Amino acid sequence: MRSNWTGHAVAVCLWIACAGAVSAQNDARGHWTGSIDTPAGAMAMEVDLDKTASGWIGSLSIPAQGASGIPLDPVTFADGKLSFSMKGPAGAPGFSGTLSADGKTLDGNLSMGPQALPLKLTRTGEAKVEVPKPSPPVSAEFLGTWGGTVNFGAPLRLTVTISNGKAGAEAVMVSLDQGNANIPVSAITQKGTKLSLDVKAVGGGYEGEMNKEGTQIDGTWSQLGMSTPLLLKKAAATK
């Protein structure tokens, strides 16, 4: 009897161990940290992943660039394989990797255009996904596409397109001189003729005021402790 009991106990322990491994392979929730090698040195990244009733959600932060709460969409996880992309157009930076058997690491590559850089993420805590909050709708005079130039030593042309969606005001910034890179605007606030844009993806923000004619917004772009004037002019509406 003692021998049989010992055998059953060992079998139970093995089953529990296997079940734990399976569980780890099916759970990518958590706060993950890692870094990629760049010409300027290692760049740390933080990724938060969670699963809701409607599916997987996530956000990414790059502390050295002051970027936080970059939304990840879509996020997929199945059979130990994880992939996500930064929210934006097709071709936006993304990650594909495999969850280790113990569920502690995600080993894969971060793709940025034609480049694929090795990235190993380590689970370091509970998920704290930054979910963008809806912005109240803005008045009609702010809707449309605005263009201007940011100059921190080298001019960079950009456009900002503002619209009112089902959830409220939405905006996308496009950096024309950086391969038409799409940069999501985290929050939009309008107070009378004044407009504020929070752009967490690049650690930036804009404060400006519209003129009486409604043709331009004169303000300041701030990023990583620096600021520069930014005059946005409204583009002609296309028919």
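Guide: A polar contact is a pair of N or O atoms within 3.5 Å, in which, within protein, one must be able to donate a hydrogen and the other to accept it, and residues adjacent in sequence count only if both atoms are side-chain atoms. This is a predicted model, in which local features need pLDDT of at least 70 and side-chain atom pairs pLDDT 80 or more, while totals for chains, interfaces and linings use all residues. Residues are numbered from 1 along each chain, and side-chain values use heavy atoms, without hydrogens or water.

Visitor: Which backbone nitrogen does the side chain of serine 135 reach, and at what distance?
Guide: Serine 135 is placed in the loop between β8 (115–125) and β9 (144–151). From that loop, its side chain makes a polar contact with the backbone nitrogen of isoleucine 188 at 3.0 Å.

Visitor: Why does serine 135 count as buried?
Guide: Serine 135 touches Ala167, Gly168, Ala169, Ala187 and Ile188 (heavy atoms within 4.5 Å), not counting residues up to four places away in sequence. Buried means under 20% relative accessible area, with a 1.4 Å probe and protein chains only. Serine 135 counts as buried because its relative accessibility is 8%.

Visitor: Is leucine 158 buried or exposed?
Guide: Leucine 158 lies in strand β10, which covers residues 155–165. Leaving aside neighbours within four places in sequence, leucine 158 is in contact with residues including Trp146, Val150, Met173, Leu176 and Leu232. Its relative accessible area is 8%, so leucine 158 is buried.

Visitor: What separates the C-alpha atoms of leucine 158 and alanine 181?
Guide: Along the chain, leucine 158 and alanine 181 are 23 residues apart. In space, the separation between their C-alpha atoms is 9.5 Å.

Visitor: How many strands form the closed barrel?
Guide: Strands are DSSP runs (E, at least two residues) and helices are runs of H or I (at least four), numbered from the N terminus, and the protein chain has 1 helix and 17 strands. Two strands pair if DSSP finds at least two bridges between them. The barrel runs β1-β2-β3-β4-β5-β6-β7-β8 with antiparallel pairing, and its strands number 8.

Visitor: In β7, which residue is the bridge partner of leucine 99?
Guide: Strand β6 (residues 94–99) pairs with strand β7 (residues 105–112) in the antiparallel sense, over 6 bridges. The bridge partner of leucine 99 in β7 is leucine 106.

Visitor: What share of the residues in the protein chain is buried?
Guide: The protein chain has 239 residues, and the buried share of them is 33%. Among its contacts with a separation of 6 or more, residues 24 or more positions apart account for 36%. The buried share asked for is thus 33%.

Methods:
Buried means under 20% relative accessible area, exposed over 50%, partly exposed in between (1.4 Å probe, protein chains only).
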